[in-house]
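User: I'd like to learn how to read surface patches and pockets. Could you walk me through them with an example?
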Amino acid sequence: MHFILFDEPSIRQGLLPFTFTRPVAEVRIGILTIAEKWRLRSGLDVSYITEEYLSDRFTLNPGKENVFINGGVCPTDDLVAKIIGLKDGEVIVKDGVIIAYKKVAEGKQIEFKGALNIIRRPWDIFLNNGKEITEDFDLITKGRTSAPLSDPYTRIYNQERIFIEEGVSIKAAILNAENGPIYLGKNSEVMEGAIIRGPFALGEGASVSMGAKFRGDTTVGPYSKIGGEVSNSVIFGYSNKAHEGFLGNSVIGEWCNIGADTNTSNLKNTYSEVQVYSYKEQDFVNTGKMFCGLLMADHSKCGINTMFNTGTVVGVNANIFGEGYPAKFVPSFAWGGDKNYSRYNFEKVVQVAERVMGRRNIQLSKEEIKILRHVYEIEDQQVRNF
C-alpha cells in the first residue's frame, strides 16, 4: 500500500504563504513534518499530489494500491489502522472534511470518531504544537534509550521525559520537562546558560544560543540557530534567530534570518482578538485568538531591531529593514521597510539564496529556483498593489 498526501484546496489556500513553497504535508508541527509523521506511523512510502509547479520537487509516486490522504491531517495510530483497512470506494470523513479515501472521493462515507489535529491556518501550527511534540516524542522514542547526559553542570527536571540523540552537546543548561517532553535531535547543541521548558523539540544539527530562554510548546527545526526569548513558536528549519529578542506565538519558515534584537508583539494592548492577513480571503481575518505573533515564509529576512506588530504576515523572500514598524502584511519579494517597499530583483533573489544555502553546504536546486520564480511571478501584483 502507498499513501498519497493531497493538498485539499481550501486548506492549501488557508496555509499560505507557507504553502507557496511546499505541499501542505511538508509543514512542520511538533518534532516532525506531517509527511514524516505518516511515514513513521505507517511504515509506508508517501508521495504528494500538489500544485504543478511544486511537483518536480515533491513528486507523485503511486504504487499498485494507493490511498489518498488529506495532507493537513496529523495522523494517529487509530486513524492509520482505519485507513489501512479501507476498501475500494470508502471515504473517511471527520465533521464534513474528507480525511482519506481509496479509489474515489465520492464513495461510501465513514465518520472517524477519534480526535484529530487538522492544520487549516498558520496559527493552527503553533496552537497545536505542544500536543504534537508530545505525540511525536512518544512515537520517536518508543522502545529506545536516550543517550546519557554527561555534563555535570546541567540541571534537569523529570529526566524520563528528556530524550537525547547521539552527538548532542549540552553545557551548563537547565532542562525542565515537568510540563512536557524535551527532545534533542542528533548532533544538536544547547549552549551554556540556556533555559528550556518542555514541550520542546530541537532538530538535528540545530543549536540553542548562550543564555537563551524557551518557555515551551516550541520547535526549533533542523540546522537552525535560535537564541533570545522564544515562546510557543515553530521554526521549520535552516533558519537563524541567534541573538536577543522575543519571538512568541509565531511560525518561521526555512532559510529565514531574524536580525539581532528583533521583537515580535504577540498580544494587543487592548487584549482583543488578533487579525491577520489571509491570502485565502485576500483580506484581514479574525484569528479568534488573543495571542499571535509573526508568520514569516521561507527565505525572508529582517534587519536588526525590527519591531513586528501583533499578527504580522511576511511572504516568501521578503527583505525587511529600516526604521519604524513594518506593515502587518509584507508581500513576497518586497524589499524595504516602514511600509515603503520596492520589488526584489529575481536575479538577486537567486544569488542570495545560493549564498545562504551554500554556508550550510547545500546547493540551491533547479527545482527550487523554479518554485521561487513561479511565486515571484504570481505574487507580482501583490507588491504592485502594496
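Analyst: Gladly! Keep in mind that this is a predicted model. Let's start with Tyr271, which sits in the loop between β29 (263-264) and β30 (275-278).

User: Is Tyr271 buried or exposed?

Analyst: Tyr271 has a relative accessible area of 54%, and exposed means over 50%, so Tyr271 counts as exposed.

User: Which residues make a nonpolar surface patch with Tyr271?

Analyst: Met290 and Phe291 join Tyr271 there, and the patch made by these residues covers about 320 Å².

User: Now for pockets. What is the general idea?

Analyst: Rolling a probe the size of a water molecule over the atoms shows where empty space is left. Here, the largest pocket holds about 480 Å³ of space. It is lined by 24 residues, and Arg22, Glu26, Arg57, Tyr238 and Glu254 are the closest to its centre.

User: Which elements give two or more residues to that lining?

Analyst: They are α2 (34-42), β24 (234-237) and α7 (366-378). Of these, α7 gives the most, with three residues.

User: How does the lining of the largest pocket divide by residue class?

Analyst: Eleven of its residues are nonpolar, four are polar and nine are charged.

User: And what does the second largest pocket look like?

Analyst: The second largest pocket has about 290 Å³ of space. Its lining has 19 residues, with Arg28, Ile31, Leu32, Tyr183 and Glu204 nearest the centre. At least two lining residues come from each of α2, β18 (200-202) and β21 (218-220). By class, the lining of the second largest pocket contains ten nonpolar, four polar and five charged residues.

Note on methods. Residues are numbered from 1 along each chain as its sequence is written. This is a predicted model: local features need pLDDT of at least 70, side-chain atom pairs count only at pLDDT 80 or more; totals for chains, interfaces and linings use all residues. Side-chain values use heavy atoms; hydrogens and water are left out. Patches are made of residues with over 30% relative accessible area and no salt bridge: like charges are joined within 9 Å, nonpolar side chains (Val, Leu, Ile, Met, Phe, Trp, Tyr) within 5 Å. Accessible areas come from the Shrake-Rupley method with a 1.4 Å probe; for residues, only the protein chains shown count as cover. A salt bridge is a side-chain nitrogen of Lys or Arg within 4 Å of a carboxyl oxygen of Asp or Glu. Helices (H or I, at least four residues) and strands (E, at least two) are DSSP runs, numbered from the N terminus. Buried means under 20% relative accessible area, exposed over 50%, partly exposed in between (1.4 Å probe, protein chains only). On a 1 Å grid over the protein atoms alone, a cavity is a set of points where a 1.4 Å probe fits but cannot get out, and a pocket is an open set with protein on both sides within 12 Å along at least five of seven lines; lining residues have an atom within 4 Å of a point. Grid points are joined across faces, edges and corners, and a volume is the space filled by probe spheres set on the points. Ala, Val, Leu, Ile, Met, Phe, Trp, Tyr, Cys and Pro count as nonpolar, Asp, Glu, Lys and Arg as charged, and the others, Gly among them, as polar.
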